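Please find below a short note on this entry, for reading beside the coordinates.

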Amino acid sequence: MGRGEWKSALRRLKDLLEDDPTDTAALTLLINAWLQMNQAESAERWLAEQLDRRPGHPALLEQWVALALRLGRQEEVIARLEDAWESDRHEYAAGRLLEMVYRMTGRTEDSLALGEYRLTAQPRGIRRELELAALYGGAGREDDAYQRLQWLLARADEATGAQLITAVDLVQRLDRQDARRDQMTMVLTEHLLNRDPPAPMAVFAARLRAAADLGHSDESIDDLLARTLSEAEGAAGPSLQDAVRWRDLAQTLVEAEHPCLAAKALRLRLTADAPPETAARSLLVTIAVVADAACGKGQAEASVQLIRELDASGLLPPFPWDQEPHGLAEALYEISQIYAVLGEEDSVEAILRLVLELDGSNAMAMNNLGYSRIEAGHQDEETIRWVELAHEMLPEEVSVLDTIAWLRYKQRQYEDADGRAGAMTLIQKALNAADEPSAEMNDHLGDIAWRMGLRDEAVGAWRGALAILEDPDHRNGIVQNYLFLQTRMWGLLVADPREMYHRQFSVTLARTRRKLEAVESGVEPPVAPTFDDTGGGR
């Protein structure tokens, strides 16, 4: 099969299945071989023959159901399974498969009724109650789910560790607004943590989430974090696999709207006596900063302090997207980018100022800080010097060209003069060098052109910006990029990519529409003010 020799594979598999046609692994390979040869009908005939010899055999029946569903014959599958179930209510395989097919085809109530009948026919025990709780929880019958879990809780001392872990997992899937969820999580996890073997990190994550939801004191939370580090399975381990456990714990807390607690937990691990290996440390540092940024205002200082401590101890790792370790200034610039993507502009300015204190030659730090300040109306000498110097150092960088062009616009220097490029030359150079169309730069071009009296060119630029922002492919591409950035580069999903897109582009979209509507109405469009328009810098 690996070489694509499907006929040879079929012969060998048929020989193998001659004595026992119910060998599950061989059955799966046989059906796949037929499907690779586009001979689904042959596979179906063979299965039908085997089922005639062994009616209702679970392995054969399961393969037939999967194949018939693949061929789009849902009604035939349901009819056959219903006949088998009605003729013998002890036909477990048919009942289980019918329950699955009902669920797949949207017959939720039928699936629930069948599952309930199947499970309640079994002797009452912890396993049965867990399966019923899962069934009811999945169907939205949470009162029934809690009733089954409460029965299990009364017998928690009799349950295995695996069964209690399953119960904790089930409770996490129930409605977060129901107070019973957190209370039951606390009781179940207490039973687990009082047992000898170390509990999985997921159990501690569930307990931390519940404790935070219930408003437990900072001291209580700190004690639980310390217990997590010392007792959770793999918590103190140095490997990347161990770091992934902490990443999963952080994701649980972020999804429960506790990013500050997630950041606190990660810093606890990073500053523990036994440092993680480089790759593990790289992941943990990144997601700690991301969690800080998601936490909101005031956390930038905590991120900076973490980076400083790791640098001072010689443990500052490269970020996951870099090959080589950074110095302190470079690392701080990298975390400013994380804060910028998440919209924490005040924190970005504070971090970039610190970067420039440490390394006054960081061109991108000067560019980013300068742009945000001139956009806010600042025209002090320091801000202008940053923008000018960044352009001297990186004269071909697209974002730097856009920034210097916007500075020239604010200064009303639209055209080239005295050997210095004006706003129009610079923005056109930026647009020509860009890898892909930019709505922001097209909007800038439009404002510059309008100020120069180039009305048609201005309207064309604004329409170009609007076309980019109204293009669903553009939106979907950016949204997917934000998802990729968080899940694959950072390792922590902290914001809805659609909301990130809206925050980045909604202002430009609304501004561009207002300008075009004004032009169409025969009035002056609201182009961006220059420094002179705002009456001086701030």
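The points go from the whole chain to one residue.

1. Status. The model is predicted, and the values below are computed from it.

2. Secondary structure. The chain has 27 helices and zero strands.

3. Overall dimensions. The radius of gyration of the chain is 31 Å, whereas a compact globule of 538 residues would have one near 24 Å. The C-alpha trace spans about 95 × 60 × 50 Å along its principal axes.

4. Burial and contacts. Of the 538 residues in the chain, 47% are buried. Among contacts with a separation of 6 or more, 58% join residues 24 or more positions apart.

5. Surface and charge. The accessible surface of the chain is about 26400 Å², and carbon and sulfur atoms account for 48% of that area. Negative side chains number 91 and positive ones 58. The centres of these two sets are 4 Å apart.

6. Leu225, position and burial. Leu225 lies in helix 13, which covers residues 218–231. Its relative accessibility is 3%, so Leu225 counts as buried; the cut-off for that class is under 20%.

7. Leu225, surroundings. Leaving aside residues up to four places away in sequence, Leu225 touches Leu208, Leu261, Lys264, Ala265 and Leu268. For one of these partners, Leu268, the C-alpha atom is 7.9 Å from that of Leu225. Along the chain, Leu225 and Leu268 are 43 residues apart.

Key: Residues are numbered from 1 along each chain as its sequence is written. This is a predicted model: local features need pLDDT of at least 70, side-chain atom pairs count only at pLDDT 80 or more; totals for chains, interfaces and linings use all residues. Side-chain values use heavy atoms; hydrogens and water are left out. Helices (H or I, at least four residues) and strands (E, at least two) are DSSP runs, numbered from the N terminus. The radius of gyration is taken over C-alpha atoms; the globule rule is 2.2 Å times the number of residues to the power 0.38. Buried means under 20% relative accessible area, exposed over 50%, partly exposed in between (1.4 Å probe, protein chains only). Contact means heavy atoms within 4.5 Å. Accessible areas come from the Shrake-Rupley method with a 1.4 Å probe; for residues, only the protein chains shown count as cover. Lys and Arg count as positive and Asp and Glu as negative; His and the chain ends are not counted. The place of a charge is taken as NZ of Lys, CZ of Arg, CG of Asp or CD of Glu.
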